[in-house]
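The following paragraphs walk through one structure, beginning with a single residue and moving from there to the fold and the metal site. Please keep the sequence and the coordinates open while reading.

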Amino acid sequence: MTTGYVFHPEYLWHDTGTSAGLLPANPPAGIQPAVHIENPEAKRRAHELIHVSGLLAELTVIEPRRATMAELLRVHTGDHVQHIKTQSDLRGGGDAGDGFSPVGPGSYAIARLAAGGLIELVTAVARGEVTNGYALTRPPGHHATADLGMGFCLFNNIAVAARHAQAELGLTRIAIVDWDAHHGNGTQSIFYTDPNVLTISLHQAGCFPPDSGWIRENGAGDGTGYTINVPLPPGTGHAGYLHAMTEIVLPALERFAPDLILLANGFDANVFDPMARQMLTADSYRAMTRMLTDAADRLCHGRLVAAHEGGYSPFYVPYCTLAFLEELAGTTTRVTDPLAAVVAEYAAEPLRPHQKAVIDEAAQLVSRIGAHEIAAAP
Ligand code: 3YP
Ligand code: ZN
């Protein structure tokens with residue numbers, strides 16, 4: 001068993017500028033220039049820890065390439081791709097669409113390298129060159145819709161990789177699990193009517209985008225039942241996420257029987273994250289990853305491909321990433337979470353009734369997967 005790893009220094013060169021956290025700097029309005037929250041630091045430190053821990057030496061490094069125009073157009077409109085290019089060609093950069101998604105000078109090429117890196121990784125998995133893999137990409141993708149960049153996302157990397165896997169690699173049925181703390185609205189919208197792509201998003205209810213990711217958003221047309229949302233209450237931690245994995249994600253995967261599992265791997269549900277209020281620890285990510293690799297082994301020859309999404313604590317994201325990637329590769333390193341003792345009380349939080357109620361309600365949706373075909377079968 002081998003694990004592929006995609007990284008490129010250019011991912012860190014995506015320049016989100018001098019925003020104050022979320023907001024573009026605007027001195028006349030009193031918004032002092034600072035550093036954008038989606039900056040390279042957490043990802044650079046994650047990559048360096050993967051290297052220094054010795055894990056990198058156990059991985060199969062896969063070189064990214066830029067996604068082609070035709071590959072992007074499987075998901076995005078020509079107008080959107082052109083918009084990103086135009087913004088990227090501006091001297092000071094621009095925005096991908098919603099005013100929260102900086103496009104730095106040259107970010108168009110870097111965003112294509114992120115989407116293309118995931119394509120290369122999925123290709124290596126499909127060909128059996130590696131069993132599974134991780135793309136530590138930037139910019140992220142899960143909020144980007146066919147025609148709009150939003151929430152720091154320019155192109156929807158996972159959607160581009162999914163469409164490529166279907167079109168070129170003979171992988172038809174694709175399950176996309178998204179455990180970023182924010183709703184994977186872009187991915188949801190792209191596949192909303194498609195019964196061959198199951199999207200499951202676990203996220204903090206009402207966090208971002210506003211009014212998005214509710215249980216009632218369950219797909220439409222032929223895709224009815226193939227979109228699942230689990231809007232977890234703020235403050236959900238290890239026990240709540242494991243309950244959601246056990247009661248929803250694993251049975252949904254079982255029922256859907258994918259050829260490939262893609263993971264929108266945001267680490268912003270970690271207990272130290274400034275952009276959400278969830279309480280996961282590095283060990284939570286390890287446990288959740290184990291559940292997914294087990295499911296992938298049972299259902300699709302281990303084919304699990306993950307893309308980095310959010311995660312904004314520069315000092316904790318690296319340990320979450322390492323725990324995730326160790327588990328993906330079926331190994332451990334000498335580096336253990338040095339903050340484990342600090343977060344022990346959070347990790348021990350039990351499943352609360354208001355969390356269980358949401359999870360159990362969303363679990364009702366699992367039986368709708370394939371209900372139509374199963375009813376129609378002879
Ligand atoms: C985008 C603007 C306000 C919240 C922010 C969320 C980014 C993210 O990590 N999405 O997964
Ligand atoms: Zn996020």
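Asp211 is exposed, because its relative accessible area is 59%; buried means under 20% relative accessible area, exposed over 50% and partly exposed in between, with a 1.4 Å probe and protein chains only. This is a predicted model, in which local features need pLDDT of at least 70 and side-chain atom pairs count only at pLDDT 80 or more, while totals for chains, interfaces and linings use all residues. Residues are numbered from 1 along each chain as its sequence is written, chains are lettered from A and ligands numbered from 1 in the order in which they are written, and side-chain values use heavy atoms, with hydrogens and water left out.

Asp211 lies in the loop between β7 and β8, and its phi is near 50 degrees, a positive value in a residue other than glycine. Helices (H or I, at least four residues) and strands (E, at least two) are DSSP runs numbered from the N terminus. Pro209 is placed in the loop between β7 (197–204) and β8 (227–232), and a cis peptide bond with omega about -10 degrees joins Phe208 to Pro209. Most residues other than glycine have a negative phi, and most peptide bonds are trans.

The loop between β5 (132–135) and α6 (157–168) holds Pro139, and the peptide bond from Arg138 to Pro139 is cis, with omega near -5 degrees. Phe152 is also found in the loop between β5 and α6. Phi of Phe152 is positive, near 75 degrees, in a residue other than glycine. Phe152 counts as buried because its relative accessibility is 7%.

As for the whole chain, the protein has 13 helices and ten strands. Its radius of gyration is 19 Å, close to the 21 Å that the globule rule gives for 378 residues, so the protein is as compact as a globular protein of that length. That radius is taken over C-alpha atoms, and the rule is 2.2 Å times the number of residues to the power 0.38. Of the 378 residues, 59% count as buried. Contact means heavy atoms within 4.5 Å; of the contacts with a separation of 6 or more, 76% come from residues 24 or more positions apart.

Gln355, in helix α12 (residues 353–363), gives a local example. Its C-alpha atom is separated by 6.5 Å from that of Leu232, 123 residues apart along the chain. Leaving aside neighbours within four places in sequence, Gln355 is in contact with Pro233, Gly235, Thr236, Gly240 and Pro350. Gln355 is buried, because its relative accessible area is 3%.

Which protein atoms are the donors of the zinc ion (ligand 2)? They are Asp180 (OD), Asp180 (OD), His182 (ND1) and Asp268 (OD), lying 2.0 to 2.7 Å from the ion. Donors are N, O and S atoms within 2.8 Å of the metal (3.2 Å for Na, K and Ca); water is not among the atoms, so sites may look incomplete. In sequence the donor residues are spaced D-x1-H-x85-D. His182 and Asp268 link distant parts of the chain, 86 residues apart: His182 is in the loop between β6 (174–178) and α7 (185–190), and Asp268 in the loop between β9 (260–265) and α9 (282–300). Both His182 and Asp268 are buried.
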